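Welcome to this structure! Here are a few notes to read alongside the view, taken one point at a time.

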Amino acid sequence: MKRFVPLVIAIVAGFVLLIANFIPYAEGWGLTAQEWFNILAVGAMVLGGGNLIKLQLMKISSKKAGWGYAAVTVVCFFAAIFIGMGKFGVHPNELYPNYAWSGYYLEEGSGMWWIYQHMIVPLTSTMFAMLAFYVATAAFRAFRAKNTEATLLLVTAGIVLLGRTYAGVWLFEGWLPDWLLWLRFDNLTVWIMDVPNTAGTRAITIGIALGVVATSLRILLGVDRSYLGQD
Amino acid sequence: MYNTLKNLDRRWVFLSMFLAVSIPILAKTVFPEVVSKQAKLVFDAIEDLPDGSNILLSYDFDPASQGELLPMAQAFTRHCSAKGHKQYYMALWPLGSPMVDLSVETIESEYPDMVYGEDFVKFDYKAGGEAVIRMITQDLRGMFPLDSKGVSLDKIPMTKNIKNIQDMDLIVNVSAGDPGTKQWVQFAATPFGITTVSGCTGVQAPQMYPYIPEQLAGVLGAIKAAAEYEAAIDAVYPDINDNPKAQEAKRRMGPQLVAHSLMIGLIILGNWIFYVGRKRGEA
């Protein structure tokens with residue numbers, strides 16, 4: 001029963017969405033299924049949060065390596081929920097002045113706004129910006145022309161790196177004849193993106209799509225049940 | 001020399017990258033931009049629409065990608081505002097909503113004649129990703145009965161006659177991943193033929209090129225394309241050209257040029273070490 005009910009739900013929902021795409025009469029069924037999906041997506045967020053806390057608490061209780069980080073995660077998680085749901089510092093929406101919680105949760109000066117501006121923005125931006133440093137050391141230590149394929153990749157990367165800056169134009173200014181302008185790095189970059197990249201990506205995309213169709217069919221027909229997990 | 005470089009502490013590389021990025025920022029180095037075909041396609045997609053067209057702008061990115069994507073998002077806002085288009089903002093990412101707020105602030109400060117509800121409107125974040133897109137292609141109110149201020153869509157002048165996003169003349173998606181441009185192409189642009197343009201991160205851009213020109217009218221890939229798009233706007237709109245805040249992407253091309261040149265230098269240096277080491281039988 002534990003596996004049968006979810007299996008039936010998946011098969012029915014899958015076929016409803018499929019039919020809704022081809023039969024105009026069934027369009028409404030598809031919309032209903034999507035509404036259910038959206039409600040479930042909200043539930044999934046709660047489930048995800050619960051799972052996160054469960055794993056972090058287990059890490060803390062067993063004092064696994066790095067349990068201090070888990071403690072920080074748990075504290076931040078509950079602090080953000082408390083401040084966000086409490087809407088501290090948020091004024092009521094002017095349309096609903098009698099409802100204390102009707103204001104915008106990120107109103108300037110509110111608790112959540114403070115967390116967003118002074119924690120989320122600098123932390124996430126810093127994490128992303130750090131990539132520049134790691135890519136630089138990777139370029140220095142790992143990007144080697146060991147064989148023909150690696151050399152091709154390296155040359156292409158060099159052209160694209162320069163073609164994505166003004167250097168791609170500036171290096172050829174004043175001396176390259178007009179009939180050879182296609183050799184300018186910015187033009188070569190466009191060609192690389194338009195032709196070899198598009199051809200390769202298109203092939204990969206079509207391959208993935210065929211794989212998705214095959215997997216979807218297996219799920220719809222109940223052949224593939226791996227998504228139900230093990231019991 | 002060889003031994004010094006071979007055992008070079010990676011902190012020197014970090015320092016050189018730090019200087020490569022920070023010096024052009026402090027020196028405010030700006031280079032001229034040549035508008036590429038892709039930037040022109042995106043510019044034309046917005047420019048060629050009649051004034052006052054309906055444009056849905058979905059900001060599917062968060063502060064992590066703000067440095068790369070916000071300048072192009074703001075450029076879209078300024079271009080649409082200069083053309084007098086009606087702008088419908090939404091976000092498929094939870095932290096995309098505050099990004100939309102930045103564009104709303106730009107409209108309110110730089111285009112004071114534009115009125116909320118008549119010229120631009122914002123919908124709050126809704127969970128569901130592609131399911132949100134599927135839903136609003138059929139029934140906008142089913143997903144967004146209210147705008148972000150809690151007003152019914154039936155009471156807002158610019159939404160009261162909108163049934164779903166098939167009423168949009170153009171979708172502009174600024175995307176840093178999933179859900180993002182791919183989902184807009186799959187669930188809105190392709191099945192309903194809604195013209196769509198995308199601004200995405202450099203990592204995503206190669207995956208979007210196969211969708212041009214049928215499913216996507218154009219793609220802006222990363223900050224370079226944003227700078228070209230700004231240049232295309234500047235050429236037509238002198239007011240935007242004179243606005244220093246509207247030159248953010250161009251300003252970031254200085255650090256990009258020096259950082260990319262440094263990367264090339266590091267790759268060449270690394271390979272020189274590799275070949276010398278191989279000659280000496282060390283590799």
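1. A word on angles first, since a later point leans on it: those under 35 degrees count as roughly parallel, those over 145 as roughly antiparallel, 65 to 115 as roughly perpendicular, and the rest as oblique. Please also keep in mind that this is a predicted model.

2. Let's begin inside chain A. Helix 5 of chain A packs against helix 7 (residues 185–220) of chain A at an angle of about 120°, and their axes are 8 Å apart. Helix 5 of chain A and helix 7 of chain A are therefore oblique to each other. Their crossing is left-handed.

3. Which residues make this contact? Helix 5 of chain A supplies A:T156, A:I159, A:V160, A:L162 and A:G163, while helix 7 of chain A supplies A:F185, A:D186, A:L188, A:T189 and A:I192. Sorted by class, the contact of helix 5 of chain A with helix 7 of chain A has 6 nonpolar, 3 polar and 1 charged residues.

4. Now follow helix 5 (residues 148–163) of chain A across to the other chain. Its axis and that of helix 12 (residues 248–279) of chain B come within 9 Å and cross at roughly 160°. That makes helix 5 of chain A roughly antiparallel to helix 12 of chain B. Here, too, the crossing of helix 5 of chain A with helix 12 of chain B is left-handed.

5. The residues meeting there are A:L154, A:G158, A:L161 and A:L162 from helix 5 of chain A, and B:H260, B:M263, B:I264 and B:I267 from helix 12 of chain B. By class, the contact of helix 5 of chain A with helix 12 of chain B has 6 nonpolar, 2 polar and no charged residues. It is worth finding A:L162 in the view: this residue takes part in the contact with helix 7 of chain A and in the contact with helix 12 of chain B.

6. Stepping back to the chains as wholes, 49 residues of chain A are in contact with 51 residues of chain B. On the side of chain A that touches chain B, the elements giving two or more residues are helix 2 (27–61), helix 4 (111–141), helix 5, helix 6 (167–170) and helix 7 of chain A. Helix 4 of chain A gives the most, with 14 residues. The residues on this side of chain A divide into 29 nonpolar, 13 polar and 7 charged.

7. Lastly, how is chain B divided? Domain 1 of chain B covers 2–27 + 258–279, and domain 2 of chain B covers 37–242. The C-alpha centres of these two domains of chain B lie 39 Å apart.

Methods: Residues are numbered from 1 along each chain as its sequence is written. Chains are lettered from A and ligands numbered from 1 in the order in which they are written. This is a predicted model: local features need pLDDT of at least 70, side-chain atom pairs count only at pLDDT 80 or more; totals for chains, interfaces and linings use all residues. Axes are lines fitted to C-alpha atoms, for helices over the stretch in contact, and angles run from 0 to 180 degrees between N-to-C directions. Helices (H or I, at least four residues) and strands (E, at least two) are DSSP runs, numbered from the N terminus. A crossing is left-handed if the near helix is turned anticlockwise from the far one by less than a right angle, and right-handed if clockwise. Two residues are in contact if their C-beta atoms, placed from the backbone, lie within 7 Å. Ala, Val, Leu, Ile, Met, Phe, Trp, Tyr, Cys and Pro count as nonpolar, Asp, Glu, Lys and Arg as charged, and the others, Gly among them, as polar. Domain bounds come from an automatic or database domain assignment.
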